[in-house]
Each structure stands twice: as C-alpha cells, then as structure tokens.
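Please work through the exercises below with the sequence and the structure at hand. Attempt each task before reading its solution.

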Amino acid sequence: MRASQKDFESALSQVKLLKDPGNEVKLKLYALYKQATEGPCNTPKPGVFDLINKAKWDAWNALGSLPKETARQNYVDLVSGLSSSSDSSSQVKPEADRKQRGYETLVVTSEDSITKIMMNRPAKKNAITTQMYNEIMLALKAASKDDSAITVLTGNGDYYSSGNDLSNFTDIPPEGIEEKAKSSAILLRDFVDCFIDFPKPLIAAVNGPAVGISVTILGLFDTVYASSRATFHTPFSHLGQSPEGCSSYTFPKIMGPAKAAEMLIFGKKLTAAEACAQGLVSEVFPDSTFQKEVWTRLKAYSKLPPNAMRISKQVIRNREKEKLHAINAEESRVLQERWLSDECTNAVMNFLTRKAKL
Ligand SMILES: CCCCC/C=C/CC(=O)SCCNC(=O)CCNC(=O)[C@H](O)C(C)(C)COP(=O)(O)OP(=O)(O)OC[C@H]1O[C@@H](n2cnc3c(N)ncnc32)[C@H](O)[C@@H]1OP(=O)(O)O
C-alpha cells in the first residue's frame, strides 16, 4: 500500500519525538525527505571543507531518480521502524545507550566523563580510509563540545593502526591524479588541524603496533599510553613519502634531532620501551594488564576539574598553535608533490599487488 500525504505528514511529526537516531539514519531521513518533496538532487555539490552539507548532498544524490512516491513510502517505513525500535529500546541496557551510532569505521562511547574514540577496522589493522579520516574529525569535533572531561583515541583488535589506508590512493577522480593529490593534501591538513586545535586533554591508548600517520600525530596528544606489544614505525622513505602530522617539528623537539631522523628519514621502528625512553610515550603497561591499568588511570584523571584541565592544556599548547598550523600546511604541501612521484607510486603499487609489506 502506498503512503498517503497524510501518512507522510504524520511521519514528519513523529520523527521529531524520536530519540536521536544517529547521523547515519538522520542522513537517510534527510535524503528521503528531500527526494519525496523535491525529487532528484538539484543543488551543486558542496565544497570538500563543508563536511556536513557534503554528507547530506551525497546521501540525497545517491537516491538518483527514485520516484517521489517511493521516497515518501520509504520515509514513512523508516520512521515507523524507528518508532517501534525506540519503544523497545526503553528496556535496553544502559551500555547500549552509551554507544553513539552513526559511525561506520569507529566505535564512539561516552562514559565516566571520558569520550572514547575507537578505530574499528580490525581486519585491516585499523588502516585509515578517507571515511575514517572524516569520521575521526567529526568525532573529535563532537567530543570537543560534549560534557566529557577527557578524550581517548584507541584501536580495536591487535593493531592500534597501520596508518593511511594505501588503497586511498587508488580512488582517482575523473579530473586525474593531480586532483587526487590535491584533495588528499586538503584532507590531511584538515585532519591534523583537528588534533592541533582539540581543546581538552587528548590521550592515546596505543593497544598494539602503530604505523605512519597514527604515530606522527602522537606528538599532538597530551599523554600516550602504550601496551608493551606496541611498536612505532614511520617508514616514509620506504613509501616514497615524507613526514606529516607535524612530526617534522614535534619529533625533533620530543626526542632530539638525531633520534627523530632515525625514525622519520630511515624508518627505524621503535619498541614501546624505546618510544617511552625517547619521550614519545608517557608510560608502557604490560600487554596482559594494559586495558585494566589504562582505564583505571583514566577514570581517576577524568574526575579532576575539567575546566582546570582544559585551561592547563591551553597554557601548555596555545603558544605553539600558530606554528603547528603553518608546519601542517607545509608538510601537506610537500606530501602533495611526493604522492605524484614514481617512488611513492611504485611503493603503493608494490603493497597493493602484495609484493611488499613493511
Ligand atoms: C588523505 C591521505 C592522507 C595521507 C597521510 C599519509 C600518511 C602516511 C602513512 O600513514 S604511511 C603508512 C602506511 N601504512 C603502511 O604502509 C602499512 C601497510 N601494511 C603492512 O605493511 C602490513 O599490512 C602490516 C605490517 C601493517 C601488517 O601485516 P600483517 O601480515 O600482520 O597483516 P596483513 O598485511 O595481512 O593485513 C591484514 C589486512 O589489512 C590490510 N592492510 C593493513 N594495513 C593496510 C594499509 N595501511 N592500507 C591498506 N590495507 C592495509 C592488508 O592488505 C590485509 O588485507 P587483506 O586481508 O584484504 O589482504
């Protein structure tokens, strides 16, 4: 049976009474609403910086030429499904409520004044896809405004993260490889800017090996806890690339230029104990007790007065911010060129065709 205009209007009123269904569902609702009321997407694509409007546009545009009546019916069905699941969710355990929906590559939870952002592609060693870069930025922006006192980034599975997902380089737009390098440099710059500007204490719980950009940005965290199983590897020369995440500045400052050069130029892999001795890691915990010890520690820290922690962070970090933004811009510019080099193309192709691993 087709949904009438009245059914549609009633669904529009009902949706306002629902609990927040999460970003993914909100995007579906938005797209169906636009399609049902205006037909196929008829507005210009928003710019790459305009994350939210671009996500909305993508969702609407993805509906193609779906007829208005079908979109109206799908909207009514979706709202009806949400209403019944929200009725039954009043009996759901509190843990389920703590999980914030709407992320595909992350699990984001808020509990005990701690927002935990967990990279969640364990089968791919938490390699960071374009979508994951965007979701981490959204999660950080949300965490900067929520009522948590501290924010933690960690990984699901045996890896913390294997760094940039090398298949990001295969998705070449019709405008060509130069355009891909340009948009990747913009994404990289935006991503690192979010860490530079993050206003609350930011902690990395490095649960396993870390590679590439997941290592370099550690210099922008306030505290880094590592499992004894973690390693820290920035094989930029092997990949025909160059440092990012402000590591060209933070690493020499943290560990001295000679140690930083071994990591950033020669790709020396550090154990957790070495990274701790060199100041990149705050403390190493035995892998068998890592989760228990880290979360006990963080729960205690999260009870400290949040404004005092935020202001202390500002005092420590603010004078460097402008410099860090300039360094980030320069590193991204240099990488944009590197990504077009034969050295980089060959290294990525060798990995993707299974000829090479780190
Ligand atoms: C917007 C762009 C911004 C760019 C910013 C730039 C950042 C620079 C970097 O981050 S450089 C670092 C890039 N990372 C790597 O080069 C790591 C590549 N991966 C490996 O060498 C290995 O996978 C490993 C050493 C991390 C783990 O080896 P292991 O043998 O234990 O496991 P597998 O290789 O079988 O991995 C399981 C599956 O995961 C896929 N995978 C792992 N890492 C990546 C990755 N970085 N990119 C893409 N895919 C990755 C791997 O291919 C396996 O997939 P499969 O099961 O489908 O075969």
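**Exercises on a predicted model**

Strand β8 (residues 231-233) and strand β9 are antiparallel and are joined by 2 bridges. Helices (H or I, at least four residues) and strands (E, at least two) are DSSP runs, numbered from the N terminus. The model is predicted, local features need pLDDT of at least 70, side-chain atom pairs count only at pLDDT 80 or more, and totals for chains, interfaces and linings use all residues. Residues are numbered from 1 along each chain as its sequence is written, and side-chain values use heavy atoms, with hydrogens and water left out.

**Exercise 1.** State the mean pLDDT of the protein.

*Solution.* The term pLDDT is the predictor's confidence in each residue, from 0 to 100. Its mean over the protein is 91, and 93% of the residues reach 70 or more. Residues 88-97, however, have a pLDDT below 50.

**Exercise 2.** Determine the strand order of the open sheet and explain why β6 and β9 stand at its edges.

*Solution.* Two strands pair if DSSP finds at least two bridges between them. The sheet has 3 strands in the order β6-β8-β9, with mixed pairing. Both β6 (210-211) and β9 (270-271) have a single partner strand, so one side of each lacks a neighbour in the sheet. Within the sheet, T231 has T271 of β9 as its bridge partner.

**Exercise 3.** Compare the span of helix α13 with that of a straight helix, and locate its kink.

*Solution.* The expected span is 1.5 Å times one less than the number of residues. For a straight helix of 33 residues this gives 48 Å, whereas α13 (residues 306-338) spans only 41 Å between its end C-alpha atoms. The bend at a residue is the angle between axes fitted to the seven residues ending there and the seven starting there. In α13 a kink of about 50 degrees is centred on R317.

**Exercise 4.** Decide whether N207 and E293 are buried, partly exposed or exposed, and name a polar partner of each.

*Solution.* Buried means under 20% relative accessible area, exposed over 50%, and partly exposed in between (1.4 Å probe, protein chains only). N207, in the loop between β5 and β6, has a value of 4% and is therefore buried. E293, in helix α12, has 34% and is therefore partly exposed. A polar contact is a pair of N or O atoms within 3.5 Å; within protein, one must be able to donate a hydrogen and the other to accept it, and residues adjacent in sequence count only if both atoms are side-chain atoms. The N207 side chain reaches the backbone oxygen of G155 at 3.0 Å, and the side chains of E293 and T289 form a polar contact of 2.6 Å.

Note on methods:
Contact = heavy atoms within 4.5 Å.
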